[in-house]
Amino acid sequence: MKNRLISLALLTMPVLAAAAFEDRAYPSRVFGQERRYRLFLPKGYEAGAARYPVIYYFHGHSDRYTLERYDDGKDTVPKIARFVATHPVIVVAVDGYTPEDYTGFYGGSPWDVRENGGKYDFGENFKELVAHIDSTLRTIADRRHRATSGLSMGGYMSLYVSARFP
């Protein structure tokens with residue numbers, strides 16, 4: 001009986017597609033190297049010709065574009081994947097990592113934010129990423145179809161880039 005209950009529970013759990021996301025890179029002039037991002041494409045993207053709005057998601061302090069540091073990938077990634085699987089939208093998880101500033105969990109300075117400015121300009125880097133996404137994916141490339149979102153310090157970055165580049 002116990003094995004039947006476990007089997008039934010596994011069959012009724014929401015299942016993510018094997019390829020719910022893909023990690024990609026783009027060239028960054030601001031950083032002088034490739035930068036990474038995690039891409040969530042809507043159901044039917046590969047087979048269709050439709051264009052989609054884009055949500056740029058900024059991670060919180062001490063996390064990365066993989067969105068796995070806080071929760072081992074068991075909460076944020078599955079939630080974004082389920083959302084994209086049921087809504088016609090692309091989600092791009094942005095990377096705020098600056099290697100010289102990450103000193104461990106809750107150490108360092110993601111997004112290179114400092115009172116007097118940092119070594120990198122994440123606002124200009126964000127514009128590079130948007131241009132890359134719009135040139136390589138079928139997006140609706142206008143301000144009405146582009147949004148930002150974020151968790152904790154990523155929420156700050158979402159507000160920052162939205163205010164700086166309305």
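In what order do the 5 strands of the open sheet lie, and what is the pairing? In this predicted model, the order is E1-E2-E4-E3-E5, and the pairing is mixed. Strand E1 (22–28) and strand E5 (146–150) form the edges, each pairing on one side only. On average, neighbouring strands of the sheet are turned by 30° against each other, with direction ignored.

Strands of a sheet pair through backbone hydrogen bonds, in either a parallel or an antiparallel manner. Strand E3 (residues 54–58) and E5 run parallel and are joined by 5 bridges. Within this part of the sheet, Ile 55 stands opposite Ala 147, a residue of E5.

Two helices are described here in relation to the strands. Helix H2 (residues 76–86) packs on the sheet and touches strand E2 (33–40), E3 and strand E4 (90–94). The direction of H2 makes about 60° with that of E2. Helix H4 (residues 153–164) lies across E3 and E5. With respect to E5, H4 runs at about 150°.

Ser 158 is one of the residues of H4. The relative accessible area of Ser 158 is 8%, so this residue counts as buried, the cut-off being under 20%. When residues up to four places away in sequence are not counted, Ser 158 touches Phe 58, Thr 148, Ser 149 and Gly 150. Of these contacts, Phe 58 falls within the range of E3, residues 54–58, while Thr 148, Ser 149 and Gly 150 fall within that of E5, 146–150. The contacts of Ser 158 thus involve the two strands across which H4 lies.

Note on methods. Residues numbered from 1 in each chain as written. Predicted model: local features only at pLDDT ≥ 70, side-chain atom pairs only at ≥ 80, totals over all residues. Heavy atoms only, no water. Helix = DSSP H or I, 4+ residues; strand = E, 2+ residues; numbered from the N terminus. Buried < 20%, exposed > 50% of the residue type's maximum accessible area, 1.4 Å probe, protein only. Contact = heavy atoms within 4.5 Å. Pairing = 2+ DSSP bridges. Axes fitted to C-alpha atoms, helices over the stretch in contact; angles between N-to-C directions.
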